[in-house]
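Grab a pencil and try these short exercises on charged side chains. Each one comes with a solution, so have a go before you read on.

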Amino acid sequence: MCKDTEEPGDVHVKYTALGDAFVVSVRFGSEHPARKRTPATRFHFVLDNSGSMGRNSQAAKECFADLAAVATLGVSLVSFDTTAQLLGEAFKTPQEMRDVRLPRQGGTNISAGIQASVDLIRKIAKQEDSHHLLVLLSDGMHGSGPPPSAVLPQMGARLKKDFPKLRLSVVVVGVTRNSDTSMGMLLKETLETVPLYLQPIYFADSPQQMTETLQQMNAGLASLQGSLVSVSLDHGRFIRLVGEDGDATAEVLANNHEQVLLCQGEAPKTLKVDGVAYDCQALPSLDGDLVIKALEKQFDAARIRRVAAGTESTRPAVKQLGEWIAILEAASDKSSTKLELAKASPKMRLAQHRALKTAVSGFRSLRNQLAELDAYSANDSASQAAFLTGATRKYGAKALRRAAAHGEVDPEERRKELIAEVRDLQPRLRSALKADLLEKAQPELQELRQDLAGSDDAALQRACEKMAASMGCRKSYVSLQSNWEHLAEWVDFSPEGCNTEYELLMCLGTVGYPMEVERRDATQMNPYAMDVTRIRATP
């Protein structure tokens, strides 16, 4: 629903063209019903209880139990060795799950464990509509019964045929290099209907690291917010992996984050969210940041396919992704990416930052990922896990823990609060700035006094520029502005186009006391080589 003012209960949809495809951005207002209702979630844990796991089976169960407090409809537990046993269908508290004793350990029949959990999901799906999260943990290769490579494709096909609206996400935990990463990705490929875009696999190099890895997984799952909603276009299909036909509908989480979808077909005019139609706003030019977000998801899906099914399975995706990256690069070449800060308005600075960020880091990252996807050939589980998680592996867990710890802070609501504060400050800044300029203006600057007599903010901006020129006023070597010019920007500021708190900071900077610094050549390499020589109480 495209309006001049955003309503908190609305869904805000925009799209940008990318060759013969379109990238759609969906944002849910803070008062949208899907953000207010409690999500209906069930966790299903499939735990390796083979002899090689030893005490780690019990340690993993203890970690899984913590998530019983997160799943709103309960947690199930299947343990498998040579056979599989369902130890509980719906634990409601961590203690209930901890009280269950694991059976005697044996061989490794991964297929039986997955089948037992899927049978339970089938049973529940006949009775209710909920979001299922299946978590598989194993430390070794399949060793007993039909192999997963033969069982999973048929199991997934039957499940999706019998329950076309099933919402199922898959999380894989691999322990040691003996685990089967490719089998885990095959599980995601064949069963998953709702990708969560957490880490494709949580991998522990050794049993000693397993507990830490599970804590990272728990933090990731606990940080998920919002309820699932079904979205569809008036014309077109959503592409989960380029090179495939796509789906008429997609499931997304309605939370405080922007949801980005790739689609093919006609330019979207409306998007339906749980059957309610909202207008789609066409962006006037290619939005590089939006496209990069969409292609990053495509690379995630392609890496999973590459590990699950081999090199040939991703050839169409590699070809198409290369063509789209070329479109991005061509669009960037047509626009100037030179940084010009002198006399640049807040909107101009923001636009320059976005263009430079996209051109310098975004395109390079996509090209590197494309080359890695095309050239990758390792087949051992540890290398496959590193390929799937990439650079996010080192820092991802910390980010997720911080997100979970600060989950009560809604970034969109915070942005609106900051805008409201700026709006409140503007009239007071306007009066104070005029008074300061009139007090310091020389009598001969009658033209300046005439400018200040009106209420036009553009006239106030001109007055600040004239005052700075006539008095030889100091200018910041960061913003290239005088203090008056900086304050005038606050008075004239409009928040349109600022989507995050960071972009607001980039547009406005912060109001504070001017300070004088002494710089050296080494300052560019080491900011601590800069000395603060004076702090001024006024401009």
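The exercises below go from the overall picture to single pairs of residues, all in a predicted model.

**Exercise 1. Get to know the protein: how many helices and strands does it have, and what percentage of its residues count as buried?**

Step 1: The fold contains 17 helices and 16 strands.
Step 2: The protein has 539 residues, and 47% of them count as buried.
Step 3: Now look at the outside. About 26,400 Å² is exposed, with carbon and sulfur atoms supplying 52% of that area.

**Exercise 2. Find out which residue forms a salt bridge with Arg240, and where the two partners sit.**

Step 1: Start with the general idea: side chains with opposite charges can pair up when their charged atoms come close.
Step 2: The partner of Arg240 is Glu192, with 3.4 Å between the closest N and O atoms. That passes the test, because a salt bridge needs the nitrogen within 4 Å of a carboxyl oxygen.
Step 3: Arg240 is in the loop between strands S10 and S11, while Glu192 is in the loop between helix H6 and strand S8, so the bridge ties together parts 48 residues apart in sequence.

**Exercise 3. Are Arg240 and Glu192 buried, partly exposed or exposed?**

Step 1: You need the cut-offs: buried is under 20% relative accessible area, exposed is over 50%, and partly exposed is in between.
Step 2: Arg240 has 31% relative accessibility, so put it down as partly exposed.
Step 3: Glu192 has just 4%, so this one counts as buried.

**Exercise 4. Work out where Glu329 and Arg367 lie and how their side chains meet.**

Step 1: The two side chains meet in a salt bridge, at 3.1 Å from N to O.
Step 2: Glu329 belongs to helix H9 (residues 315-334) and Arg367 to helix H10 (residues 346-375); they are 38 residues apart, and the pair links distant parts of the chain.
Step 3: Glu329, at 22% relative accessible area, is partly exposed, and so is Arg367, at 32%.

**Exercise 5. Which residue forms a salt bridge with Arg315, and how many salt bridges does the structure hold?**

Step 1: Arg315 pairs with Glu312, their closest N and O atoms being 3.6 Å apart.
Step 2: Check the surroundings: Glu312 is exposed at 59%, whereas Arg315 is partly exposed at 36%.
Step 3: The total for the structure is 20 salt bridges. Some residues team up in a network, including Glu62, Asp66 and Arg98.

Conventions: Residues are numbered from 1 along each chain as its sequence is written. This is a predicted model: local features need pLDDT of at least 70, side-chain atom pairs count only at pLDDT 80 or more; totals for chains, interfaces and linings use all residues. Side-chain values use heavy atoms; hydrogens and water are left out. Helices (H or I, at least four residues) and strands (E, at least two) are DSSP runs, numbered from the N terminus. Buried means under 20% relative accessible area, exposed over 50%, partly exposed in between (1.4 Å probe, protein chains only). Accessible areas come from the Shrake-Rupley method with a 1.4 Å probe; for residues, only the protein chains shown count as cover.
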